[in-house]
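Thanks for agreeing to look at this one with me. My notes follow as numbered points, so please keep the structure open as you read.

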Amino acid sequence: MTGQYYRKTAALVGALFIIATVTAISAMVLLGTALSEPDFLLDLPDIENKVVGAVLLELVLATSLLGIGALMFPVFKRHVEGLAQAYYGIRMVEGIFITVASVCLLVMFTMGGEYRSGDLDLAGIEAMGAMLM
């Protein structure tokens, strides 16, 4: 592989790192302190747009992490193949955890709406919220 390939890879990886950082920070800013309040499950339906926006940003973050791992694989493989596989595996696990956390946030959002409509009782929603956090 040529030096031109590594330059392009470095630029793409740098862009993905910037995207990952911006989306992670933006998602936390969107949610703010909503998840730290004691009855946050009941308040999530009030901030529907922020929750959905934060979930979308988290999914972009997970995708960028997978891209970073995939682009760095050939670079690391050139030196140590085991390191390349480990790095890609760690990035993949990180992306999976972020995706699962996003799905849990959507489930909590749905549970808050169902509680408001009377489909869930308070004890059930508190137990589920504690389990998902």
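1. Let's begin with helix H1, which covers residues 3-31. Helices here are DSSP runs of H or I with at least four residues, and strands are runs of E with at least two, numbered from the N terminus. H1 has 29 residues, and its first and last C-alpha atoms are 42 Å apart, close to the 42 Å expected at 1.5 Å a residue. That expected span is 1.5 Å times one less than the number of residues. Right after H1 comes Gly32, with a positive phi near 55°.

2. A word on what you are viewing: this is a predicted model, in which local features need pLDDT of at least 70, side-chain atom pairs count only at pLDDT 80 or more, and totals for chains, interfaces and linings use all residues. Residues are numbered from 1 along each chain as its sequence is written, and side-chain values use heavy atoms, with hydrogens and water left out.

3. How confident is the predictor? pLDDT, its confidence in each residue, runs from 0 to 100. The chain has a mean pLDDT of 87, with 96% of its residues at 70 or more. Among the elements, H3 has the highest mean (93), while helix H5 (residues 122-132) has the lowest (71). Where pLDDT is low, the predicted coordinates should not be read in detail.

4. Which helices do the buried residues of H1 pack against? They pack against H3 and H4, where contact means heavy atoms within 4.5 Å. The buried residues of H1 include Tyr6, Val13, Leu16 and Leu31. Buried means under 20% relative accessible area, exposed over 50%, and partly exposed in between (1.4 Å probe, protein chains only).

5. Helix H4 takes in residues 81-117. Its 37 residues should span 54 Å at 1.5 Å a residue, and its end C-alpha atoms are indeed 54 Å apart. Among its buried residues are Ala84, Ile98, Leu105, Met108 and Phe109. Met108 also gives a link to another part of the chain: its C-alpha atom is 9.2 Å from that of Phe40, although the two residues are 68 apart along the chain. Phe40 lies in helix H2 (residues 40-43) and counts as buried, at 10% relative accessibility.

6. Do look at the salt bridge, defined as a side-chain nitrogen of Lys or Arg within 4 Å of a carboxyl oxygen of Asp or Glu. By this rule the count is one. It joins Glu94 to Arg91, with the closest N and O atoms 3.2 Å apart. Both residues lie in H4, three residues apart, about one turn of the helix. Glu94 is partly exposed, with a relative accessible area of 31%, whereas Arg91 counts as buried at 13%.

7. On the surface, Val52, Leu56, Leu59 and Leu106 form a nonpolar patch with about 300 Å² of accessible area together. Helix H3 (residues 48-77) gives the most to the patch, with three residues. Leu106 lies in H4 and is partly exposed, with a relative accessible area of 34%. Patches take residues with over 30% relative accessible area and no salt bridge, joining like charges within 9 Å and nonpolar side chains (Val, Leu, Ile, Met, Phe, Trp, Tyr) within 5 Å. The areas come from the Shrake-Rupley method with a 1.4 Å probe, and for residues only the protein chains shown count as cover.

8. Finally, just after H4, Gly118 takes a positive phi of about 95°. Asp119 is in the loop between H4 and H5. Is Asp119 buried or exposed? Asp119 is exposed, at 58% relative accessible area.

Methods. pLDDT = per-residue confidence, 0-100.
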